Amino acid sequence: MLPNQVVDTTLVPAAQRFDFWHALVAQETAPAHISSPHLHDFRAYARAVDLDRITLTALRYPSLDTIRPATLVRRHEADVYLVALPVAGRSALVQDRQEVQLSEASEFTFLDASRPHVASHRATGPEPLDNLTVQIPHHELPLPPDRVRRLLAARLRADRGMGALLAQHVRRIARHPEQYAPTDAPVLARVTLDLVSATLAQHLGRSGDLPVEVRQNALRARVDAFIDRHLGDAALTPATVAAAHHLSLRSLHRLFADGDLTVAATIRSRRLDRCRRDLADPLLAELSVRAVAARWGFADQAHFSRAFRAAYGCSPRAWRDAARR
């Protein structure tokens, strides 16, 4: 599993929960003054995932207000940017005379912990607020600070473009850190930084200012997401992937040159993996092997069976039978 730390206030008596949270979470990166109508029973949870150069934190907590005034900034310097995605609840944030109101996972916002800011977070129902935050040291962001400053307390779309890829990426890591090994942390950090950089540059209209490597990695992330979304389409080929991204086939193949698999092999491998999972899923037991194959883009049953046996050492039916046993 990726290195991570968990704080759960329900493990201590109700009267101590807010102080427990305040000491271990609220004062960790950018200390602030916090108030909440739930001080008597502050039920909150945090998981901080260490991605080598950056930190990804998943937070759940009741309604609260925070103020980070200039006095605290001077006393506790924090040279990190915060990219925040509210998953449930509403948030209003103010920094550098800019104000933004966010709700329900459709938008990110961007803050600088080295500058004063004010935030108000409100639950919209019986469930607590839920948000994800990426903490990035200033020096890790390959964009000029004066341009980045224009995005403080701005709305950054999380449902389209690079922002959608970033949201999908951080959600998966935060929810399933057990799916990755500790040695994956540097790679995940690089991908996260590239997606954050590309998202910010896209909103600034300055994508061309990014280093070539960052642009290439962001493009590769877009291509990977496109392939995953269209695995069920039997017409998905390297040519259709290239056309969807306005690339030549040569450019697309260069994008995959550093990996172990070609574009076609990547598509085939991911299709086979989806089929392998579905064949082992008891909730899909009524689907025939042919239907499972067709579901993930294999139009030819014989070709699917040969490819499955080559990948996993047994036939699709034998795999399903073994999973049932």
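Eight bridges tie strand S6 (residues 80-88) to S11, and the two run antiparallel. This is a predicted model, so to speak, and S11 is a handy place to start reading it. In S11, Tyr81 has Ile136 as its bridge partner. Strand S4 (residues 54-61) also pairs with S11, through seven bridges, and these two run antiparallel as well. On that side, Leu59 stands opposite Asn131 in S11. How many of the nine residues of S11 are buried? Eight of them are, which leaves strand S11 (residues 129-137) mostly covered.

Now to the pockets. Here are the two biggest ones.

| Pocket | Volume | Lining residues | Nearest the centre |
|---|---|---|---|
| Largest | About 1400 Å³ | 34 residues | Val191, Arg220, Asp224, Asp228, Arg270 |
| Second largest | About 920 Å³ | 36 residues | Val25, Ala26, Leu59, Thr133, Gln135 |

Leu59, the residue opposite Asn131 in S11, is among those nearest the centre of the second largest pocket. The lining there divides into 22 nonpolar, twelve polar and two charged residues.

The largest pocket has a lining of 13 nonpolar, seven polar and 14 charged residues. Arg220, Asp224, Asp228 and Arg270 are among the residues nearest its centre, along with Val191. Which helix gives the most to this lining? That's H6, with eight residues. Helices H4 (161-175), H5 (185-204), H6 (212-229), H8 (249-255) and H9 (263-280) each put at least two residues into the lining of the largest pocket.

How values were computed:
Residues are numbered from 1 along each chain as its sequence is written. This is a predicted model: local features need pLDDT of at least 70, side-chain atom pairs count only at pLDDT 80 or more; totals for chains, interfaces and linings use all residues. Side-chain values use heavy atoms; hydrogens and water are left out. On a 1 Å grid over the protein atoms alone, a cavity is a set of points where a 1.4 Å probe fits but cannot get out, and a pocket is an open set with protein on both sides within 12 Å along at least five of seven lines; lining residues have an atom within 4 Å of a point. Grid points are joined across faces, edges and corners, and a volume is the space filled by probe spheres set on the points. Helices (H or I, at least four residues) and strands (E, at least two) are DSSP runs, numbered from the N terminus. Ala, Val, Leu, Ile, Met, Phe, Trp, Tyr, Cys and Pro count as nonpolar, Asp, Glu, Lys and Arg as charged, and the others, Gly among them, as polar. Buried means under 20% relative accessible area, exposed over 50%, partly exposed in between (1.4 Å probe, protein chains only). Two strands pair if DSSP finds at least two bridges between them.
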